[in-house]
Amino acid sequence: QRQMCIRDSQYISQSFVCGSNRLVATQMLPPIVDDLLKLEEGMEMFDEEHDETVLMTSPLTFMNADNPRHADIANIKQSTANFCCRKCYWKKVSNRYIDTFQIKYKDYCAPMRLKEHHILYSCGNKNLEHGIEVTDMPARSTKVEKSLENLGFRQTGAQTMLRLSSWDPCQDTPVETLHTCMLGVIKHALQKTADSFFNQSQLEVIQAVYRSYHTKAFKTLTTSLTAFRSFLGRDFK
């Protein structure tokens, strides 16, 4: 009986969710959130070390994912939208203005997204009473936007997560560095270098060099280096 209690206790502590090949992740959230609510409020569990039943609370502190999945879980539009940041209301700027250094770091300041705005949108209210002042770059003109849909919100089915008092989709979706920082720097460096310094024959030479490594990653590359502008994330990796 003691071994059974130990085994059960270890099983309950496992971070495992059984998936489905018929449902997307957001469709499986409601029953998961029901369990997370119980853990947030506290549940009685057997502590093998102290040989007694204890009250355990386990609030959800963050959720790690890449940008597309974070957008789904935070009920906002994907990275192609004008307001794609899950942290703030920064409006997307054309790359040509960034490349010509017409935009400075201070121009990236924007009002923060708030959990209250998520709750308001999930309740069916599509407008903010006082709105959000957003800056349109590069003209640096400002306007007040009241429509939450225009500010990038959308219904993904993940609004049930807002039932958790510990969960804030604006703060608890940490930036995933591989696709955001590391991959972003590599993509930008390759594109700028290939555009500014290499002609087509030189690109073909470089392509022959990296293919000579005979690695699986390079051999499964679906496009040539001369078509670098159409590369996907897996090609850059």
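**Exercise 1. The cavity lining**

Work out how the residues lining the largest cavity of this predicted model divide into nonpolar, polar and charged.

*Solution.* Start with the list: the lining is made up of Asn75, His118, Tyr121, Ser122, Phe153, Gln159 and Leu162. Next, sort them. Tyr, Phe and Leu count as nonpolar, which puts Tyr121, Phe153 and Leu162 in that group. Asn75, His118, Ser122 and Gln159 then go down as polar. The tally comes to three nonpolar, four polar and no charged.

Now for the volume: the largest cavity holds about 30 Å³. A search of the whole structure for cavities of 30 Å³ or more turns up one.

**Exercise 2. A bridge between a helix and a loop**

Find which parts of the chain are tied together by the pair arginine 163 and aspartate 34.

*Solution.* First, check the contact. The two side chains, arginine 163 and aspartate 34, form a salt bridge with an N to O distance of 2.9 Å. Then place each partner: aspartate 34 sits in helix H2 (residues 29-41), while arginine 163 is in the loop between strand S4 (141-147) and helix H6 (177-197), so the bridge ties together parts 129 residues apart in sequence.

Finish with accessibility. Arginine 163 has a relative accessible area of 43%, making it partly exposed. Aspartate 34 is partly exposed too, at 33%.

**Exercise 3. A small network**

Which residues are linked with Asp72 in a network of salt bridges?

*Solution.* The network links Asp72 with Arg69 and Arg154. Take the pair of aspartate 72 and arginine 154: their side chains meet at 2.4 Å, N to O. Aspartate 72 belongs to helix H3 (residues 67-73) and arginine 154 to the loop between S4 and H6, so this pair ties together parts that lie 82 residues apart in sequence.

Are the partners buried or partly exposed? Aspartate 72, at 16%, is buried because the cut-off is under 20%. Arginine 154 comes in at 24%, so it counts as partly exposed.

**Exercise 4. One more pair, then the total**

Compare the accessibility of glutamate 145 with that of lysine 143, and give the number of salt bridges in the whole structure.

*Solution.* The side chains of glutamate 145 and lysine 143 make a salt bridge at 3.9 Å, N to O. That falls inside the cut-off of within 4 Å. Glutamate 145 is buried, with 13% relative accessibility, whereas lysine 143 is partly exposed at 48%. As for the total, the whole structure has five salt bridges.

How values were computed:
Residues numbered from 1 in each chain as written. Predicted model: local features only at pLDDT ≥ 70, side-chain atom pairs only at ≥ 80, totals over all residues. Heavy atoms only, no water. Helix = DSSP H or I, 4+ residues; strand = E, 2+ residues; numbered from the N terminus. Buried < 20%, exposed > 50% of the residue type's maximum accessible area, 1.4 Å probe, protein only. 1 Å grid on protein atoms, 1.4 Å probe; cavity = no way out; pocket = protein on both sides within 12 Å on 5 of 7 lines; lining within 4 Å. Points joined across faces, edges and corners; volume = space filled by probe spheres on them.
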